[in-house]
Amino acid sequence: MSHNIPFFNYPALFTNEEEELVRIFRDVGRRGAFILQQDLADFESELARYVGCRFAVGVNNATDGLHFALVAGGIKPGDEVIVCSHTMQATAAAVHAAGGIPVPVEVGPDRCIDPAAIEPAITPRTRAVMPTDLNGRTCDMDAIRDICQRRGLLLFEDAAQALGAKYEGKSAGTFGIAAAISFYPAKTLGCLGDGGAVITDDPEVHRVLLQLRSFGMDDSGECQRWALNSRLDNLQAAFLRHRLRAYDGVVARRRVIAARYHARLVTLPRVGLPPAPDADARWFDIYQNYEIEADLRDGLQAHLKAAGIGTLIQWRGRSIHGQLKLGFTQDLPRTDRFFARCLMLPLNMTITDADIDIVCDEIEAFYRGR
Ligand SMILES: Cc1ncc(COP(=O)(O)O)c(C=O)c1O
C-alpha cells in the first residue's frame, strides 16, 4: 500500500499559517522596513534572551555566521580547527573561509563529535575546536570544554541545527566564544528563505560581527576591515519573531515524535536509534532530525520509498573527510561505517502520530524474514 508521508512538507511552512505570514509581509512592506530595521533588532534581542546569551546578530545564513564567528573570535590563516566529520560542508567551509584548516575527526554514537577523537588530532597548529550540535543535540560539552581548557584551545559551536537544545540546562551555542544558528526553511525555527544568526556573550566579538555582516563598517560608516554584505532581511526577522513565540510548542511536539519513534523501534535489533528524549537528564534534545543507523540501509530506504515514505541520507551520504577533492586525507573508519548505515526518518510539524506508526510498521515489515 502506498502512503503519502513526505520527508518534509515545504509548502506547509507557508500554507499552515498563510494569513498571518501575509499580514506580517503587508505590515513590513507598508513600513518600507526592509534592511536593518526594528524587526531585526527586536528579533536579535528576543533570540539572545531565548538562548540566554548577551548578543545575537542576524546574518544571511549560518554558513556566513560560522565564518564571522571564527574571524571575530580570532582564527588566523593557517590555524587548524577540529570539526566532526559528520557535519554539513558549511562547518568546514567556514573554517576555510576564515583562512583556517578544517581537521575532521570521528563521530560518536550520539551522532555528535566523539570527544575522545579530539586530543589525538591536536597538532602545534591547532587553535580551536568547532563541534556541531547535530540533529538538535548539544555535544558532550563537559568533555569538550575540559579538553579546550587543558590544551589551550578556543571553542566555537556550529549550533545551526540546535536552537533551544540544552546540556545541563545551558543552551547549545553558548558554550564557546560564539556560535551560529540556521533559519533555513527546514530548520526547527525556519524562515521563508535563507537566514542565520551568530550568538555570543563577548562585547568585542559582537562589535566585530556587526562589522563583518555589513561591509566592515562601524556606526559612523568608517570601514574598520574588509567585509562583504550578509544581513538577515528585516522581513525574515519579522517572520522569525512571530515563529519564535510558538517555538517551545514546536520543540515539545518534536520530542513527542522522537519518543514515539523510540518506543516503536527500540525493539528492532537491526536498527540503531539516537538517544531518547528521556535517556539522560543532562541532555534536552530538540530533534532537528531523527537519524537512525540501519542494517541494509539502502534496501530499507527503497522499501520506504515504495511505500510512499520519504527519508533522507544526511549530506547525501558524504562525510567531510570523504570530500577528497578538497584535500582531506584523514582515515576515519567509524565515520565511514556510520555513513553506510545512516538514514533520517520524517520528523516535522506536519507528520501525525498515525503517520509515525505507519513508518514504524513499514520498517518492521522490511526486516521481517530478513
Ligand atoms: C550542521 C549545519 N551547519 C551549517 C549549516 C549551514 O546553515 P545555512 O544553510 O543557514 O548556511 C547547516 C544547514 O543548513 C547545518 O545543518
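## Around the ligand

Let's start with the shell of residues around the ligand, which by class has 5 nonpolar, 8 polar and 1 charged residues. Keep in mind as you look that this is a predicted model.

Which residues come nearest to the ligand? Of the 14 residues around it, they are Asn61, Ala62, Thr63, Ala160 and Ser182. Two helices are worth finding here: helix H4, covering 62-72, and helix H5 each supply at least two residues of the shell.

## Two domains and their contact

Now step back to the whole protein. The domain assignment gives domain 1 as 12-106 + 113-245, while domain 2 is 247-367. Notice that domain 1 is written as two segments. If you take the C-alpha centres of domain 1 and domain 2, they lie 24 Å apart.

How many residues does each domain bring to the contact? Domain 1 gives 28 residues and domain 2 gives 26 residues. On the side of domain 1 that touches domain 2, the elements giving two or more residues are helix H5 (89-97), strand E3 (101-105), strand E7 (166-167) and helix H8 (234-245). By class, this side of domain 1 has 12 nonpolar, 10 polar and 6 charged residues. You have met helix H5 already: it also supplies at least two residues of the shell around the ligand.

## A helix with two faces

Next, find helix H11, which spans residues 333-341. Its buried residues are Thr335, Phe338 and Phe339. Why do these three sit on the same side of H11? They cover an arc of only 95° around the axis, and so they share one side of the helix.

What do the buried residues of H11 pack against? Their partners are strand E13 (290-294) and strand E14 (342-345). Turn the helix around and you reach the face directed away from the buried side, which carries the exposed residues Pro333 and Arg337.

## The sheet beside the helix

The two strands that H11 packs against, E13 and E14, belong to an open sheet of 3 strands. The order is E11-E13-E14, with antiparallel pairing. Which strands are at the edges? They are strand E11 (271-272) and E14, each of which pairs on one side only.

Look closely at E11 and E13: these strands run antiparallel and are joined by 2 bridges. To see the pairing at the level of residues, find glycine 272, which stands opposite glutamate 293 in E13.

Definitions and conventions
Residues numbered from 1 in each chain as written. Predicted model: local features only at pLDDT ≥ 70, side-chain atom pairs only at ≥ 80, totals over all residues. Domains from an automatic or database assignment. Contact = placed C-beta atoms within 7 Å. Helix = DSSP H or I, 4+ residues; strand = E, 2+ residues; numbered from the N terminus. Nonpolar A, V, L, I, M, F, W, Y, C, P; charged D, E, K, R; others polar. Near = placed C-beta within 6 Å. Buried ≥ 20, exposed ≤ 12 C-beta atoms within 10 Å, placed from the backbone. Arc of directions from axis to C-beta. Pairing = 2+ DSSP bridges.
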